[in-house]
Amino acid sequence: MAEISTKPNNKALVVLSGGQDSTTCLFWAKKEFKEVYAISFNYGQKHQHETAIAQSIAERAGVSFKLMDIYFISQLATNCSLTDSSIKMDKEKPEGSFPNTFVPGRNLFFLSIAAVYARSLGIRDIVTGVSQTDFSGYPDCRDSFIKSLNVSLNLAMDEQFVLHTPLMWKDKAETWEMADNLGVFDIVRNETLTCYNGVVGDGCGHCPACLLRRKGLEMYLEKKNLKH
Ligand code: ZN
């Protein structure tokens with residue numbers, strides 16, 4: 001509580017995708033900051049309803065929502081997706097599915113744009129749901145990258161941004177626990193979109209994102225049941 005009251009600026013901007021992680025972070029931010037804003041990106045993702053989901057979650061949370069169109073990222077990433085061997089799993093997916101892809105530079109763009117937008121709103125605190133624990137294959141989810149970018153953004157704009165990563169060292173089970181502790185377990189479970197096949201809530205059940213999410217959920221529920 002003391003920490004909150006001493007913050008010079010009690011506003012935060014959350015990078016919201018409408019998935020489990022960023023939604024949990026949105027409600028974390030609501031608890032930590034007085035005034036919360038959300039920003040989502042249209043970067044040419046196949047599941048366009050992702051941004052609509054993010055918007056409805058923001059509305060439900062009662063926070064101001066901004067959708068930024070940065071379609072150029074998908075144009076930049078196209079070749080990399082096609083040549084990246086780690087994306088082979090997409091061949092097994094139905095037509096029109098969202099590729100389980102590392103989009104090169106995505107978080108670099110997201111957070112840089114978020115910082116410029118935050119600055120225009122007089123916000124210094126920026127929240128992102130990246131996690132090194134479960135997504136160690138994504139270089140731009142690593143703590144070292146976030147810290148480095150934080151320094152760069154401050155230098156770029158002569159600002160004192162703080163990039164918050166409440167999930168950095170949490171696994172999926174711990175993220176479920178956090179949502180539960182924040183009182184938003186059902187919202188996160190039923191209304192977020194994590195699935196690479198674009199199915200809201202518990203998802204398609206078989207894509208890598210669903211498997212990871214379900215494994216974490218089962219681990220958390222098991223732990224919770226053991227306590228009762
Ligand atoms: Zn799925």
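Is Tyr 220 buried or exposed, and at what relative accessibility? In this predicted model, Tyr 220 counts as buried, at 5% relative accessibility, where buried means under 20% relative accessible area, exposed over 50% and partly exposed in between, with a 1.4 Å probe and protein chains only. Local features need pLDDT of at least 70 and side-chain atom pairs count only at pLDDT 80 or more, whereas totals for chains, interfaces and linings use all residues. Residues are numbered from 1 along each chain as its sequence is written, and side-chain values use heavy atoms, with hydrogens and water left out.

A pair of aromatic rings is described by the distance of the centres and the angle of the planes. Rings of Phe, Tyr and Trp (its six-membered ring) were taken to pair if their centres lie within 6.5 Å, with planes under 30 degrees apart counted as stacked, over 60 as edge-to-face and the rest as tilted. By this rule the count comes to six aromatic pairs. One of them is formed by Tyr 43 and Phe 110, which meet edge-to-face at 5.4 Å centre to centre with 65° between the planes. Tyr 43 lies in the loop between strand 2 (35–42) and helix 3 (49–61) and Phe 110 in helix 5 (residues 106–121), so this pair ties together parts that are 67 residues apart in sequence; helices (H or I, at least four residues) and strands (E, at least two) are DSSP runs, numbered from the N terminus. Both partners are buried, Tyr 43 at 5% relative accessibility and Phe 110 with a relative accessible area of 9%. Ring pairs also bring in Phe 41, which forms a cluster with Tyr 43 and Phe 110.

Tyr 220 itself pairs with Phe 185, and because the ring centres are 6.3 Å apart and the planes stand at 45°, this pair is tilted. Phe 185 belongs to helix 8 (residues 185–191) and Tyr 220 to helix 9 (residues 208–227), 35 residues apart, and the pair thus links distant parts of the chain. Phe 185 is likewise buried, with a relative accessible area of 13%.

An open sheet of five strands has the order 3-2-1-4-5, with parallel pairing, two strands being paired if DSSP finds at least two bridges between them. Strand 3 (64–69) and strand 5 (162–164) stand at the edges, each with a single partner strand, so one side of each is left without a neighbour in the sheet. Strand 4 (residues 125–127) pairs with strand 5 in the parallel sense over three bridges, and Val 127 stands opposite His 164 in strand 5.
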